[in-house]
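Me: I am new to this structure. Please pick a single part and look at it closely, together with what surrounds it.

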Amino acid sequence: MSDVSFHDMQGSDDPSWDQAFAILIQLRDNLTREELWTVMDEGTPQGLRFTAMFDGQTCVAIAGWRLFANTHLMRVLYVDDLCVDASRRSQHYGHLFIDELRRRAIELGAHAIDLDSGVQRFAAHRFYMDNDFHISSHHFRSDL
């Protein structure tokens, strides 16, 4: 971790997607680029953005996130996706990315960072707990 930087992706034609997409599909393994562009077309007006983390010239992690308001916390930074390249896990990159998201949340006036994590992702749960997240609610879904 000599030269870590964060790059806010600028649409589907951003050249950083060449590396970042390969990391994102480690989390969302059924996602195609075409589906991602569709999500971005609809999600960008809703505040969805993607930030890639680079160590030198190599993308090592990516996060999809958005700022939104609700009646419980007012302004919240919600993390849709956070994935560190599998070959780079347990090397402190995830912690640095959480710190960056926390910095942005404070700068943007958010009162919390929220995210959902699949119930089967035990290693991810330990990671979030180690980074001062707690289980604050249960997430329910009704598939249509």
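Reply: UniProt positions are given here in the numbering of this chain, and such annotations may be inferred rather than shown by experiment. The model itself is predicted. An unreviewed UniProt entry places the feature "domain: N-acetyltransferase" at residues 4–144. Over residues 4–144, 33% of the chain is helix and 28% is strand, and the C-alpha atoms at the two ends are 41 Å apart.

The part chosen here is strand β5, residues 112–115. It belongs to an open sheet of 5 strands, ordered β1-β2-β3-β4-β5, with mixed pairing. Strands β1 (4–8) and β5 stand at the edges with a single partner strand each, so one side of each has no neighbour in the sheet. On average, neighbouring strands of this sheet are turned by 30° against each other, direction ignored.

The partner of β5 is β4 (residues 74–84); the two run parallel and are joined by 4 bridges. Between them the chain passes through helix α3 (residues 93–107), and this β-α-β crossover from β4 to β5 is right-handed. Two pairs of facing residues can be located: V76 is opposite A112 of β5, and L77 is opposite I113 of β5.

The side chains of β5 alternate along the strand. I113 and L115 point to one face and are buried, whereas A112 and D114 point to the other face and are not buried.

The partner strand β4 also has a helix across it: α1 (residues 17–27) lies over β2 (49–55), β3 (58–70) and β4, at about 70° to β3.

How values were computed. Residues numbered from 1 in each chain as written. Predicted model: local features only at pLDDT ≥ 70, side-chain atom pairs only at ≥ 80, totals over all residues. Heavy atoms only, no water. Buried < 20%, exposed > 50% of the residue type's maximum accessible area, 1.4 Å probe, protein only. Pairing = 2+ DSSP bridges. Right-handed = clockwise from strand over helix to strand, strands pointing away. Axes fitted to C-alpha atoms, helices over the stretch in contact; angles between N-to-C directions. Contact = heavy atoms within 4.5 Å.
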